Amino acid sequence: MRPTFLFHIALCTLVLVLASAVYPTAHAAELVGFSDARFRPGTIVIRNSEKRLYLVLRGKRAIRYRIAVGKRQKSWTGEAFITAKYVKPDWAPSEEVRRDFPHLPAVIRGGAPNNPMGVAAMTLSNGNYAIHGTNRPKSIGRAVSYGCIRMANNDIQDLFQRVNVRTPVVALP
């Protein structure tokens, strides 16, 4: 190989390393070990205290995503399942949200920049909750919602294509 070619490769590698340090992938999913035998492959496990969502896989592994969870007194624990999946869903604030933010419109159309559902949503059987994207990516990793599970838009797109309606969801403290 020619020295200029090797120098070019080294320079490109250095640029990529520096760029990843300056612009890290803040919400990238990770493949991790997962040995909690209570949960079968295909189950979504939410660990509120960790602000992480796990999609359990075979072989004692899981895909782990960073999430935002419900604020104090608003997060939920228990069992549910996915009832429906939506791409660019409309959003209508609940009565509780409307009480706290009376200026909100009755409906925010899917795809609008102020739509808090982001690019996709999966509704849950436990009431007025969903696992969804967000228009506020800086909220990921925090306890900020009214009970829904927020994900980075690229993460909800990934999870969305991996699961189906009726996928079990377990939320732990």
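This report describes aromatic contacts, charge placements over rings and salt bridges in a predicted model.

Residues are numbered from 1 along each chain as its sequence is written, and side-chain values use heavy atoms, with hydrogens and water left out. Because the model is predicted, local features need pLDDT of at least 70 and side-chain atom pairs count only at pLDDT 80 or more, while totals for chains, interfaces and linings use all residues.

## Aromatic contacts

The structure holds 3 aromatic pairs. Rings of Phe, Tyr and Trp (for Trp, its six-membered ring) pair if their centres lie within 6.5 Å; planes under 30 degrees apart count as stacked, over 60 as edge-to-face and the rest as tilted. One of these pairs is tilted and joins F34 to F39, at 6.4 Å centre to centre and 50° between the planes. Both F34 and F39 are buried; the term means under 20% relative accessible area, with exposed being over 50% and partly exposed in between (1.4 Å probe, protein chains only). Ring pairs also bring in Y54, so that F34, F39 and Y54 form a cluster.

W76 and Y129 form a stacked pair, with 6.2 Å centre to centre and 20° between the planes. W76 belongs to the loop between β4 (61-70) and β5 (78-87), and Y129 to the loop between β6 (120-124) and β7 (130-132), so this pair ties together parts that are 53 residues apart in sequence. Helices (H or I, at least four residues) and strands (E, at least two) are DSSP runs, numbered from the N terminus. W76 is buried at a relative accessible area of 7%, whereas Y129 is partly exposed at 23% relative accessibility.

## Charges over rings and helix α3

A charge sits over a ring if NZ of Lys or CZ of Arg is within 6 Å of the ring centre and within 35 degrees of the ring normal. The charged end of K85 takes this position over F160, 4.5 Å from the ring centre. The charged end of R166 likewise sits over the ring of F81, 4.2 Å from its centre.

F160 is also one of the buried residues of helix α3 (residues 153-162), together with D155, I156 and L159. Seen down the axis of α3, the buried residues fall within an arc of 135°, so they line one face of the helix; the arc is that of the directions from the helix axis to the C-beta atoms.

## Salt bridges

A salt bridge is a side-chain nitrogen of Lys or Arg within 4 Å of a carboxyl oxygen of Asp or Glu. By this rule the structure contains 7 salt bridges. The table lists some of them.

| Salt bridge | Closest N to O distance |
|---|---|
| D36 and R38 | 2.6 Å |
| R109 and D90 | 2.7 Å |
| R162 and D158 | 2.9 Å |

In the first row, D36 counts as buried at 19% relative accessibility, while R38 counts as exposed at 59%. D36 and R38 also belong to a network of salt bridges that links them with R47 and E50.

R109 lies in the loop between α2 (95-100) and β6, and D90 in the loop between β5 and α2, so their salt bridge ties together parts that are 19 residues apart in sequence. R109 is exposed, with a relative accessible area of 54%, and D90 is partly exposed at 42% relative accessibility.

R162 and D158 both lie in helix α3, 4 residues apart, about one turn of the helix. R162 is partly exposed, at 43% relative accessibility.
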